Amino acid sequence: MDRYERLFGNAGYIARRIASDISGPAAIPRRNGEPVFTEPWESRIFGTAVVLCERGLFEWDEFRQRLIAEITAADSASGEAKSPPSAYYERFLAALERVLIEKKICAKEEIELHARAELPGEHEHH
Amino acid sequence: MTDQESERGPHHPRPLSPAALRAKAIESLLVEKGLLASDAIDRVVEIYEKDVGPLNGAKVVARAWCDPAYKRRLLEDGTAAIAELGFGGLQGEHMVVLENTPRVHNVVCCTLCSCYPWPVLGLPPTWYKSLAYRSRIIREPRAVLHEFGLELPETVEIRVWDSSAEIRYMVMPERPAATANLSEAELASLVTRDSLIGVGLAEPVAR
C-alpha cells in the first residue's frame with residue numbers, strides 16, 4: 001500500500017496521484033498550478049471519472065493509460081505536436097467512454113440512447 | 001486564452017457543444033444506474049480545486065519546513081526565495097511570507113479590492129473577494145476564523161495583513177505534528193490553500 005493511501009484514504013490517494021502528475025502526457029491542463037476547466041462539462045466529466053474510480057469501478061492508472069492512448073491517437077491524426085488545452089477534456093471524455101464500455105459498466109447502446117435524449121428538441125422521458 | 005483570465009462566471013448562454021451533450025448523457029446514464037450521485041461530483045471537483053490549486057505555494061512551504069536555510073531566505077526576501085523554485089510572474093509586487101508560530105497566527109486579506117498572490121496560490125476563492133470577508137476579517141478576525149472552522153486559543157495573537165498593489169502576503173502555516181519522516185512532496189500535499197491564506201491550518205496526518 002502506498003504511503004499516501006495510508007495518509008488520506010482512497011479518495012485522497014487518487015486526487016494526489018492526479019495532482020502529482022504535472023508534466024506527463026495525461027497531466028490535466030493547469031494555469032499557475034490550478035486546474036483549468038474552461039466549460040462546466042469539463043469539471044463534471046472529470047468529477048465523474050474520479051468518483052467512479054473512488055468507488056473501485058476501475059483503477060486510475062487504467063484510465064490514465066487509456067487517456068494517453070486517446071491523446072496520442074488524436075495528436076498523430078491532427079499532425080500537430082500538441083493538442084490545444086480545450087481538446088484535453090474531449091480526449092478525457094472519449095477515454096472514459098471506452099473504459100465504461102470495456103469494463104461493461106455501460107453498454108455502447110445505452111450511451112447512444114442517452115446521447116440522443118440529450119439532443120435539443122428530443123426529450124425522451126424514461 | 002483570454003477566457004481563462006476572466007472570472008469563471010456565467011457566459012452568454014449558447015447551445016451545448018457535442019462534447020458537453022455527450023458528457024451530460026454519460027452522467028445521466030450513470031446516475032440512472034445508481035453508480036453516481038451528482039453531489040459526489042461537486043464534492044470531488046471542490047476537493048480537487050482546493051488541493052491542487054495552490055501547488056506552487058505548497059511547494060514553497062514544504063521546502064521551508066525541510067530546509068532551515070531556505071526558510072531564512074524566504075522570510076527575509078519572499079520574492080527572491082520563491083523565484084529560486086522557479087515561480088515567477090509576480091510583476092513587480094513584493095512577496096512577504098508570514099510565519100505562523102504557536103503564539104502568532106497570520107491571516108491575509110485585501111480590504112480595498114482583491115489583491116492576491118496568484119502565481120503561488122492560483123486563483124483566489126470567491127469568498128476572498130467578498131465584501132463580507134474583506135471588511136469583517138479586520139474588525140473581528142476571531143469570529144471569521146471561527147466560521148471557517150478554525151478555533152485558536154485565546155493566547156494566540158491574530159495578525160491580519162492587508163495586501164496592496166505593492167505587497168502580497170502568503171502565510172507559512174506551522175508544520176503539522178508527526179510529519180518527521182514525510183518527504184517534501186508529501187509535506188506539500190498537506191498545505192492547503194486556506195492554510196496559505198491563514199483561514200485554516202496545514203492538514204494533520206491521518207492515522
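Two residues are in contact if their C-beta atoms, placed from the backbone, lie within 7 Å. Keep that cut-off handy for the exercises below, and remember that this is a predicted model.

**Exercise 1. Get a feel for the two chains**

Task: Work out what share of the contacts in chain B with a separation of 6 or more comes from residues 24 or more positions apart, and put chain A through the same exercise.

Solution:
- Start with chain B. Residues 24 or more positions apart supply 69% of its contacts at a separation of 6 or more.
- Now chain A. There, residues 24 or more positions apart supply 58% of the contacts at a separation of 6 or more.
- Add the secondary structure. Chain B has 11 helices and 4 strands, while chain A has 5 helices and 2 strands.
- For chain A, read the order from the N terminus: α-β-β-α-α-α-α.
- Finish with burial. In chain B, 36% of the 207 residues count as buried; in chain A, buried residues make up 36% of the 126 residues.

**Exercise 2. Describe a helix pair**

Task: Find the angle at which α4(B) and α5(B) pack, and say which residues of the two helices meet.

Solution:
- Two numbers do the job here: packed helices are described by the angle between their axes and the distance between the axes.
- Helix α4(B) covers residues 55-66 and helix α5(B) covers residues 68-76; they pack at about 125°, with axes 5 Å apart.
- That angle makes α4(B) oblique to α5(B), because angles over 145 degrees count as roughly antiparallel and 65 to 115 as roughly perpendicular, with this pair falling in neither range.
- On the α4(B) side, the residues are Val60(B), Arg63(B) and Ala64(B); they meet Tyr70(B), Lys71(B) and Leu74(B) of α5(B).
- Sort this contact by class and you get 4 nonpolar, no polar and 2 charged residues.

**Exercise 3. Check a helix and its exit**

Task: Compare the span of α2(A) with the expected one, then decide how enclosed the helix is.

Solution:
- α2(A) runs over residues 40-54, which is 15 residues.
- From its first C-alpha to its last, α2(A) reaches 21 Å, close to the 21 Å expected at 1.5 Å a residue.
- Of those 15 residues, 13 are buried, so α2(A) is largely enclosed by the rest of the structure.
- After α2(A) comes Gly56(A), with a positive phi near 80°.

**Exercise 4. Two odd phi angles**

Task: For Lys104(A) and Ala178(B), give the phi, the location and the exposure.

Solution:
- First, the background: most residues other than glycine have a negative phi.
- Lys104(A) isn't a glycine, yet its phi is positive, at about 60°.
- Look at where Lys104(A) sits: in the loop between α4 (85-102) and α5 (108-118) of chain A.
- With 7 other C-beta atoms within 10 Å, Lys104(A) is exposed.
- Ala178(B) isn't a glycine either, and has a positive phi of about 60°.
- Its loop lies between β4 (167-172) and α10 (184-188) of chain B.
- Ala178(B) has 9 other C-beta atoms within 10 Å and is therefore exposed, as the cut-off is 12 or fewer.

**Exercise 5. A strand pair in chain B**

Task: Say how β1(B) and β4(B) run, and name the bridge partner of Leu98(B).

Solution:
- Strand β1(B) spans residues 94-99, and 6 bridges join it to β4(B); the two run parallel.
- Go to Leu98(B): its bridge partner in β4(B) is Val171(B).
- As for cover, 5 of the 6 residues of β4(B) are buried, and the strand is mostly covered.

**Exercise 6. Buried, partly exposed or exposed?**

Task: Classify Leu190(B), Ala69(A) and Ala87(A) from their C-beta neighbours.

Solution:
- Leu190(B) lies in the loop between α10 and α11 (193-197) of chain B.
- It has 23 other C-beta atoms within 10 Å, so Leu190(B) is buried; 20 or more is what that takes.
- Setting aside residues up to four places away in sequence, Leu190(B) touches Pro176(B), Ala202(B) and Glu203(B).
- Ala69(A) belongs to helix α3 (residues 60-78) of chain A, and its 16 C-beta neighbours inside 10 Å make it partly exposed.
- C-alpha to C-alpha, Ala69(A) is 9.2 Å from Arg91(A), 22 residues apart in sequence.
- Ala87(A) is in helix α4 of chain A and, with 17 other C-beta atoms within 10 Å, is partly exposed.

How values were computed: Residues numbered from 1 in each chain as written. Chains lettered and ligands numbered in written order. Predicted model: local features only at pLDDT ≥ 70, side-chain atom pairs only at ≥ 80, totals over all residues. Axes fitted to C-alpha atoms, helices over the stretch in contact; angles between N-to-C directions. Parallel < 35°, antiparallel > 145°, perpendicular 65-115°, else oblique. Nonpolar A, V, L, I, M, F, W, Y, C, P; charged D, E, K, R; others polar. Expected span 1.5 Å × (residues − 1). Pairing = 2+ DSSP bridges.
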